[in-house]
Amino acid sequence: MTTATNAPAWTTAVDDAPIAVAAAADLVAIAGAGGTAWILEAATGTPVGTVTLPGGLLAAAFSPDAAHLALSGPVGHALWRRADGRVLAEQTGAWSSAVRWAAPDRLAVASGRRALVLDTDGAQQWATDPAPSTVTDVAWLREGRRLASSAYGGVRCHERHTDKPVAEYKYLGSHLAIALNPNGRWICTGNQDSSIHIWRTRDGDDLTMQGYPEKIARLAFDDTGRWLASDGAPDITVWEFSGKGPAGTSPRSLRAHETITALAWRPGSSAVLASAGAEGTVAFWRADSGRPGTRVKPTWMRELPEPVTAMAWADPHTLVIADYEGRIEAWPLPDSLAR
Amino acid sequence: MTNPATTIEETTDQVDTRVPVTVLTGFLGSGKTTLLNRILTEQHGLRIAVIENEFGEVGVDDALVLDAEEEIFEMNNGCICCTVRGDLIRILGALMRRRDTFDRIIIETTGLADPAPVAQTFFMDDEIASQLRLDAIVTLVDAAHILEHLDEVKPEGVENEAVEQVAFADKIVLNKTDLVSEAHLTEVTARIRAINTPVEIIRAQHAKVELDKILDVHAFDLDRVLEGDPAFLTETEHQHDTTVTSVGIDLPGDLDQERLNRWLGQLLRTKGADIFRSKGILAIAGSERQYVFQGVHMLLEGENGRPWRDGEMRRNRLVFIGRNLDREELNEGFADCLAANSLAGGHA
């Protein structure tokens, strides 16, 4: 572990407990649990605007061109337009735990037991039929033409021409989060019963990774699709998806935290992962170091006074972290990790 | 994480700072809404969040009221009767992420809801269990109508929800006592006790209950009734012809931890579907402290309680509430867990 001399590029504060950090192009957004999102310039932290969705927030995502910000929460969803600051807040009364953009002009929002596909004016283009439970997460396949949504009982895929699923990946249990690898080959879910379920997209061939001490609420592939990181505490596990996939292999274990509060892959192919824990630590890892089945040590770690509850990379050289008290810092990539 | 086959182990003492959660249940018309409004409007200085399952008639500015639609999830852990409430997991999870903290959380369920998944959620989800504590299941009962509900004959395989709600309760608020005679109240009390012997019954009119009797009472884990005179535990005079009953055990002596684990594990694995609730205060051989446990169906968790006092008799008091319980088998099985050198002289 190298000593840290990296001073934050900027710091600021918001008046809420952040639950998500979103980033695209030159903007970052800090979503507060209470319902307000603060939009900032990524380079300086200068405020650009705020959006409030009454009832609280659960997720936030910028459109790829950062022209729009989508927010979702316990009682609805909202859209912010950068050009003129227009806010469309839709209080549907439906639990909305996820938003995901397919393209600069189209996004999916979990809304109760359905997923809705909206344009940038908030108009509904199409919607899925109701899932067996509240939809927990959504993700796009096939260049934004096919929508995967997770709920109790598995993952269902929908396309515009029919509200019935065009593909179903079933597995008993409550699926909390989806990760799709970027080439679309694998669909993975994190589960309430402390497992990761993996389907091969093509034929639905599946396997379960069990033995985690806690539920898997966070899991994500890096940009190359080779590495899948997840919580399930206290270790972060990283499975390798090269070749035939992870069946029969062992994961790397990253141990630094007691309970994991945030995971964020650095954009690109560096296999650098940032993570945060409830005890107030933030760690950077080279997930490809070490050997499968072994424990990897953090490359760089720092202890903070408050736990970091959300983080996102503003660019490959800047990680924006948000702590429970609303303190926001933009950290340059530690020198030891720059390639 | 509590697994179906739970073992009893030593735990450290710590002040429990988790937020107490009260589950408030009862049939439509039992006075739940009146009680909730009373809780929310009374000058108690507490910040309360309410998670409602029924059409919201409650609305108070100071309190956070959230709607929930019951979502029952089976768990993929081989435990057949283990279900959790997905709606509560997500709502409580979001609540804990907020900066405004609450002193009390109340979960209101409908009279038709099964209390087991609500309770099991607190066993099965670590995120929730680390910050929230199931304090008590409080069942409101309409003194005038409860007997009809308890007597209602259901088709084969369908639960009588009123019986279940009485069986699961840590506290029963016997409401509308002004509408019935004392003789009727005595009969109702006897019927409730036949199902759930150790439950504390609080009589009320217009749902007027002192809040400190139902909120933050630690009734789920350590019932004060068990702490007091446990003679009633083994009392059988009120036995009615009912399939849901309580079996209380009061046995002096020390328990062999290994044998206890084996017996309890086996019992809950095989009979867990029928055992709604279990709780007890035990004397484990070699331990200076009382061992306190509580369970819902197959899930069980326990921790060390207060030290045994000087001169206090080391004894074991426990109760099972459930369907088709075999009193004799439970008594014998438990007696077999006594340590060989126990003063009470168990089976060697």
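## A first look at chain B

Of the 348 residues that make up chain B, 47% count as buried. Keep in mind as you look around that this is a predicted model. Chain B holds 10 helices and 14 strands. Take the contacts in chain B between residues at least 6 apart in sequence: 76% of them join residues at least 24 apart.

## Two domains in chain B

Chain B splits into domain 1, covering 19-220, and domain 2, covering 230-335. Measure from one C-alpha centre to the other and you get 24 Å between domain 1 and domain 2 of chain B. Where these domains meet, domain 1 of chain B puts in 20 residues and domain 2 of chain B puts in 22.

Which helices of chain B each supply at least two residues of the side of domain 1 that touches domain 2? They are helix 3 (115-124), helix 6 (161-168) and helix 7 (182-195). Helix 7 of chain B has the largest share of that side, with 5 residues. By type, the side of domain 1 of chain B that touches domain 2 breaks down into 15 nonpolar, 3 polar and 2 charged residues.

## Where the chains touch

Now for the contact between the chains, which takes 15 residues from chain B and 21 residues from chain A. On the chain B side, strand 4 (72-74) and helix 2 (86-97) each supply at least two residues. Helix 2 of chain B gives the most to that side, with 4 residues. The residues of chain B that touch chain A divide into 4 nonpolar, 3 polar and 8 charged.

## The largest nonpolar core

The largest nonpolar core has 208 residues, and A22(A), A23(A), A29(A) and M311(A) are the ones with the most contacts inside it. Strand 7 of chain B (residues 132-142) gives the most to this core, contributing 7 residues. Domain 1 (19-220) and domain 2 (230-335) of chain B both give residues to the core, so it lies between them. As a general point, nonpolar side chains tend to be buried together in soluble globular proteins.

## Strand 29 of chain A and its hairpin

Is strand 29 of chain A (residues 308-315) largely enclosed or largely open? Of its 8 residues, 7 are buried, so strand 29 is largely enclosed by the rest of the structure. A hairpin of 2 residues links strand 29 of chain A to strand 30 of chain A. These two strands run antiparallel, and 6 bridges join strand 29 to strand 30 (residues 318-323). Follow M311(A) across and you'll find its bridge partner in strand 30 of chain A, I321(A). Leaving out residues up to four places away in sequence, M311(A) touches a set of residues including V21(A), A262(A), A264(A), A274(A) and A276(A).

D315(A) also sits in strand 29 of chain A. With 17 other C-beta atoms within 10 Å, D315(A) is partly exposed. What is the C-alpha to C-alpha distance between D315(A) and P267(A)? D315(A) and P267(A) are 7.2 Å apart in space, with their positions 48 residues apart in sequence.

## Two open sheets in chain A

Chain A has an open sheet of 4 strands in the order 2-3-4-5, with antiparallel pairing. Strand 2 (18-24) and strand 5 (47-52) stand at the edges of this sheet with a single partner strand each, so one side of each is left without a neighbour in the sheet. From one strand to the next, the twist averages 15 degrees. Strand 4 of chain A (residues 36-41) runs antiparallel to strand 5 of chain A, and 5 bridges join them. Look at L40(A) and you'll see that P47(A), in strand 5 of chain A, is its bridge partner.

Another open sheet of 4 strands in chain A has the order 6-7-8-9, again with antiparallel pairing. Which strands stand at its edges? Those are strand 6 (59-62) and strand 9 (87-90) of chain A, each with a single partner strand, so one side of each has no neighbour in the sheet. In this sheet the twist averages 10 degrees from one strand to the next. Strand 6 of chain A and strand 7 of chain A (residues 68-73) run antiparallel and are joined by 4 bridges. A60(A) has L71(A), in strand 7 of chain A, as its bridge partner.

Notes: Residues numbered from 1 in each chain as written. Chains lettered and ligands numbered in written order. Predicted model: local features only at pLDDT ≥ 70, side-chain atom pairs only at ≥ 80, totals over all residues. Buried ≥ 20, exposed ≤ 12 C-beta atoms within 10 Å, placed from the backbone. Contact = placed C-beta atoms within 7 Å. Pairing = 2+ DSSP bridges. Core = buried A, V, L, I, M, F, W, Y, C linked by C-beta atoms within 7 Å. Domains from an automatic or database assignment. Axes fitted to C-alpha atoms, helices over the stretch in contact; angles between N-to-C directions. Nonpolar A, V, L, I, M, F, W, Y, C, P; charged D, E, K, R; others polar.
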